[in-house]
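Visitor: I should like to understand how the terms used for a structure are justified. May we go through some of them one by one?

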Amino acid sequence: MKYIYPIRLEASLHETIWGGRLLERDGWKKLPDDDVQIGESWETEISTIVQNGPYQGQTLKTLVDELGGDLLGAHAMKIFGPRFPLLAKFIDANAKLSVQVHPDDSYAARYENGKLGKTEFWYILAAEPGASIVHGFKTTPSPTEVFQSIENVTLEDLIHEEPVQAGDVVFVPAGTVHAIGAGIMLYELQEYSDVTYRMYDYGRPGADGKPRQLHIERSLDVTDYRVSPRVKANPLKLAGGSGYDERCLVACKYFVTHELTLTAKQGQPATINAHTDGSCVILSSLGAEIEVRYGSDFQESEKLSRGQTMVLPASLGRYRIIGTGSLLSSYVPEANAPILRQWEAANFA
């Protein structure tokens, strides 16, 4: 028997050489002991464990296999096939990450055994004064110039660094040379892919004292050498409703992410009525304390709190969000969805 309900997941934590302890210090996650530097919390990794309901204790992959299109949705399956489409993360960059680039889907399919490429976006949650990211180049270099700068450990002379602060949104299409700088905490949403080409690591040693592996040839193959047409995205303000504001942070063929900010009125929490349509929906709380009510009369409910993530199956249908605070809602759009054109016009017209 298939069970369709909001699925709350227990994130998987990943130790990295550049990670820190902000996820715990700022109240997002409970981390292991103080010696462990956690760089990433993967919210929708397929090995994450269901925390609630009939599927409690099972992995997200088990649900994908069992529920198929009822979980994923027709729009998601048209692009991504019978696999979970999107990977959401919280990232704590205590030190700067290497400069990377991701291939598009066609290159990854050809050279990475049928894997997906990776387009992603970042929502900056916190940034120390002076923190910055890498996004594209200062001017348009040739592949030879980039190769020589990697060899000479001078790529910093070519790449564009952009100061960021909390609230900034950064869209990173496949092919964009990019890096997260030190002192930044962010939420990331990406195509569910592990294909990353490390182009440059500032000449630093890895955890074993040796330089980390670079993927220079493939990096140069997939890089977009143009200056980025836009680094910080311009979120699109939407109509919202009584007691809540809504913005579309990013909209592309792979995902659309809305920020919902619910405000209590006269002591009463806000209410949002919505429904799933052709795609599963990923809800991540950025401080919101909410109930997601569902069922024919909205009598069934699941709770979501700060730093938690929930997946709403595509076949859930109508649901209701009640509470206060900010959360993100992400899904795979229909190919001709108007929001795609509206967001693109607001950012690239």
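Visitor: What makes the pair formed by the side chain of S279 and the backbone nitrogen of V332 a polar contact?
Guide: A polar atom of the S279 side chain lies 2.9 Å from the backbone nitrogen of V332. A polar contact is a pair of N or O atoms within 3.5 Å; within protein, one must be able to donate a hydrogen and the other to accept it, and residues adjacent in sequence count only if both atoms are side-chain atoms, so the pair qualifies. This is a predicted model, in which local features need pLDDT of at least 70 and side-chain atom pairs count only at pLDDT 80 or more, while totals for chains, interfaces and linings use all residues. Residues are numbered from 1 along each chain as its sequence is written, and side-chain values use heavy atoms, leaving out hydrogens and water.

Visitor: Why is S279 called buried?
Guide: Its relative accessible area is 2%; buried means under 20%, exposed over 50% and partly exposed in between (1.4 Å probe, protein chains only), so S279 is buried. Among the residues that S279 touches (heavy atoms within 4.5 Å) are L72, A314 and Y331.

Visitor: Why is Q342 called partly exposed?
Guide: The relative accessible area of Q342 is 40%, which lies between the two limits, and therefore Q342 is partly exposed.

Visitor: How do you know that H102 is buried?
Guide: H102 has a relative accessibility of 2%, which is under the limit for buried, so the term applies.

Visitor: Which side chains make polar contacts with the side chain of H102?
Guide: The side chain of E120 does so at 3.3 Å, and that of H178 at 3.3 Å.

Note on methods:
Lists of a residue's contacts leave out its neighbours within four places in sequence.
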